[in-house]
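Visitor: I'd like to learn how to read a fold like this one. Could you walk me through it?

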Amino acid sequence: MAVFLHTRVRVSDLDNSINFYCEHLGFKVISRSERSPDGNQIAHLELPGNLHTLELTYSDDYDLNVPEDLMHLAIGVPDLIAFCGELEEKGIEIWPDGWREIFADGRKMAFIDDPDGYEIELLERKDAL
């Protein structure tokens, strides 16, 4: 059986992206390479308790341009209001405007952008630890 191992995301500043994902979303760096065979700098990040990892890749000769709505990551959190409140205290913009009211009943979700503009969907999941 096949196993889904990681997803690569190109970034414009590896240290900035690592700091964002670790500080704001709880990821941990599990490996880092300053020079891959293709000349990239690569960091693998994990959310504790998850097998799938996020590979952040930087190359100084790659012109990064992230189109709006290209793709997104989805992360489950046990209490969306509390989690987003902490992000807002750190200066992270939560969208769409009025998300608390829009998603007050039923499935709760909100979005943030990473430093390069990749969308991150935050979903309330009671099973998220």
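**A guided look at the fold**

Guide: Let's start from one side chain: leaving aside residues up to four places away in sequence, H24 touches N19, F83, L87, K90 and I92. Keep in mind that this is a predicted model.

Visitor: Where is H24 found?

Guide: H24 belongs to helix α1.

Visitor: Is H24 buried or exposed?

Guide: The cut-off for buried is under 20% relative accessible area. H24 has 11% relative accessibility, so H24 counts as buried.

Visitor: Which residues of α1 are buried?

Guide: Start with the general idea: an α-helix has 3.6 residues a turn, so residues three or four places apart point the same way. In this case the buried residues of α1 are L14, S17, I18, F20, Y21, H24 and L25.

Visitor: What about the span and the ends of α1?

Guide: Its 12 residues reach 16 Å from the first C-alpha to the last, close to the 16 Å expected at 1.5 Å a residue. At the N-terminal end, D13 acts as a cap, with a side-chain oxygen 3.2 Å from the backbone nitrogen of D15. Right after α1 comes G26, which has a positive phi, near 85 degrees.

Visitor: On to the sheets, then. How do I read strand order?

Guide: The general idea is that strands of a sheet pair through backbone hydrogen bonds, either parallel or antiparallel. Here, one open sheet has four strands in the order β1-β4-β3-β2, and its pairing is mixed. β1 (6-10) and β2 (28-33) are at the edges with a single partner strand each, so one side of each has no neighbour in the sheet. From one strand to the next, the twist averages 25 degrees.

Visitor: In which sense do β2 and β3 pair?

Guide: β2 and strand β3 (residues 41-46) are antiparallel, paired over five bridges. To find one of them on screen, look for S31, whose bridge partner in β3 is H44.

Visitor: Now the three-strand sheet. What is its order?

Guide: That open sheet runs β5-β7-β6, with mixed pairing. β5 (72-77) and β6 (109-113) are its edges; each has a single partner strand, so one side of each is left without a neighbour in the sheet. The twist from one strand to the next averages 25 degrees. β6 pairs with strand β7 (residues 119-124) in the antiparallel sense, over five bridges, and I112 has I120 as its bridge partner in β7.

Visitor: Which helices lie across these strands?

Guide: Helix α1 (residues 14-25) lies across β5, β6 and β7, at about 15 degrees to β7. α1 also lies across β2, β3 and β4 (53-58), running at about 5 degrees to β3. Helix α2 (residues 80-89) lies across β5, β6 and β7 too, but runs at about 140 degrees to β7.

Visitor: And the loops? Where is E68 found?

Guide: E68 sits in the loop between β4 and β5. Its relative accessible area is 76%, so E68 is exposed. E68 and G117 are 49 residues apart in sequence, yet 7.5 Å apart in space, C-alpha to C-alpha.

Visitor: Last thing: which element has the lowest mean pLDDT?

Guide: Helix α3 (residues 99-102) has the lowest, at 81, while α1 has the highest, at 98. Across the chain the average pLDDT is 92, and 99% of the residues score at least 70.

How values were computed
Residues numbered from 1 in each chain as written. Predicted model: local features only at pLDDT ≥ 70, side-chain atom pairs only at ≥ 80, totals over all residues. Heavy atoms only, no water. Pairing = 2+ DSSP bridges. Helix = DSSP H or I, 4+ residues; strand = E, 2+ residues; numbered from the N terminus. Axes fitted to C-alpha atoms, helices over the stretch in contact; angles between N-to-C directions. Contact = heavy atoms within 4.5 Å. Expected span 1.5 Å × (residues − 1). Buried < 20%, exposed > 50% of the residue type's maximum accessible area, 1.4 Å probe, protein only. Polar contact = N/O pair within 3.5 Å; in protein donor to acceptor, adjacent residues only side chain to side chain. pLDDT = per-residue confidence, 0-100.
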